[in-house]
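Let us read this structure slowly, asking at each step what entitles us to the words we use.

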Amino acid sequence: MIDHIGLAVSDLARSRAFYETALAPLGYRVVAVIERNEVGGRVVMFGRDEPVFVIADKERPGEGNHVAFRADARSQVDAFHAAAVAAGGKDNGGPGLHDRYGPHYYAAFVLDPDGFNIEAVCHVAE
């Protein structure tokens with residue numbers, strides 16, 4: 001289970017717009033915004049009810065980051081991929097079964113505006 005994951009982004013407004021669109025099919029929304037945190041950065045927090053994913057603009061984007069968001073149904077994985085690509089994400093592996101990760105591992109992957117590999121995954125057999 002993911003408690004929360006944070007990423008440094010190069011353009012907070014661009015990344016916020018991307019994630020608001022891409023994560024909406026999974027039921028995620030902006031749950032909090034901090035205009036200046038204790039280290040001087042701006043922060044946007046996403047979740048269903050509480051923050052589980054955070055983007056901030058104080059630090060330089062890192063490399064090799066990967067975030068997987070859990071979906072409740074395969075249709076949400078499909079909708080996530082379509083929404084993320086429509087929001088400017090780059091396809092990094094369309095929706096489908098990835099049985100190398102498990103018999104019901106249905107996922108889709110996109111690269112966000114900073115090149116981070118973002119995934120939606122459903123573990124439910126359908």
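Q: In which strand does L7 lie?
A: In this predicted model, L7 lies in strand β1, which covers residues 5-8.

Q: Why is L7 called buried?
A: The relative accessibility of L7 is 6%, and the word buried is used for values under 20%, so L7 counts as buried.

Q: What makes Y19 and I118 contacts of L7?
A: A contact requires heavy atoms within 4.5 Å, and, leaving aside neighbours within four places in sequence, L7 has such contacts with Y19, F53, V54, I55, A56, N65, V67, F116 and I118. Seen from the other side, I118 touches L7 and Y19, and its list also includes V67, F69 and F80.

Q: How far apart are L7 and F109 in sequence and in space?
A: L7 and F109 are 102 residues apart in sequence, and their C-alpha atoms are 17 Å apart in space.

Q: Which residues have the most contacts inside the largest nonpolar core?
A: The largest nonpolar core has 28 residues, and those with the most contacts inside it are Y19, L23, F53, F80 and I118. The elements that give two or more residues to this core are α1, β3, β4, β5, α2, β8 and β9, and α1 gives the most, with 5 residues.

Q: What makes F18 and Y19 an aromatic pair, and why is the pair called edge-to-face?
A: A search of the whole structure finds 7 aromatic pairs, and in the pair of F18 and Y19 the ring centres are 5.0 Å apart, with 80 degrees between the planes. Rings pair if their centres lie within 6.5 Å, and planes over 60 degrees apart count as edge-to-face, so F18 and Y19 satisfy both conditions.

Q: How do you know that F18 and Y19 are buried?
A: F18 has a relative accessible area of 2% and Y19 one of 0%; buried means under 20%, so the word applies to F18 and to Y19.

Q: Why can the pair of F53 and F69 be said to tie parts of the chain together?
A: F53 and F69 form an edge-to-face pair, 5.1 Å centre to centre, with 85 degrees between the planes. F53 lies in strand β4 and F69 in strand β5, so the pair joins parts that are 16 residues apart in sequence. F53 is buried at 0% relative accessible area, and F69 is buried at 4%.

Q: Which residues do ring pairs link into a cluster?
A: The cluster linked by ring pairs consists of F18, Y19, Y28, F46, F53 and F69.

Q: What makes R48 a charge over the ring of Y28?
A: R48 lies over the face of Y28 at 5.0 Å from the ring centre, and the distance allowed for a charge over a ring is within 6 Å.

Q: How do you know that R74 has no salt bridge?
A: R74, which is found in helix α2, is buried, and its nearest side chain of opposite charge, E126, is 4.5 Å away. A salt bridge must be within 4 Å, so R74 and E126 do not form one. E126 is nevertheless among the residues that R74 touches, a list that also includes L97, H104 and Y106.

Q: Where is A73, and which residues is A73 in contact with beyond its sequence neighbours?
A: A73 is in the loop between β5 and α2, and, leaving aside neighbours within four places in sequence, A73 is in contact with C122 and E126.

Terms used
Residues are numbered from 1 along each chain as its sequence is written. This is a predicted model: local features need pLDDT of at least 70, side-chain atom pairs count only at pLDDT 80 or more; totals for chains, interfaces and linings use all residues. Side-chain values use heavy atoms; hydrogens and water are left out. Helices (H or I, at least four residues) and strands (E, at least two) are DSSP runs, numbered from the N terminus. Buried means under 20% relative accessible area, exposed over 50%, partly exposed in between (1.4 Å probe, protein chains only). Lys and Arg count as positive and Asp and Glu as negative; His and the chain ends are not counted. A nonpolar core is a set of buried Ala, Val, Leu, Ile, Met, Phe, Trp, Tyr and Cys residues joined through side-chain atoms within 4.5 Å. Rings of Phe, Tyr and Trp (its six-membered ring) pair if their centres lie within 6.5 Å; planes under 30 degrees apart count as stacked, over 60 as edge-to-face and the rest as tilted. A charge sits over a ring if NZ of Lys or CZ of Arg is within 6 Å of the ring centre and within 35 degrees of the ring normal.
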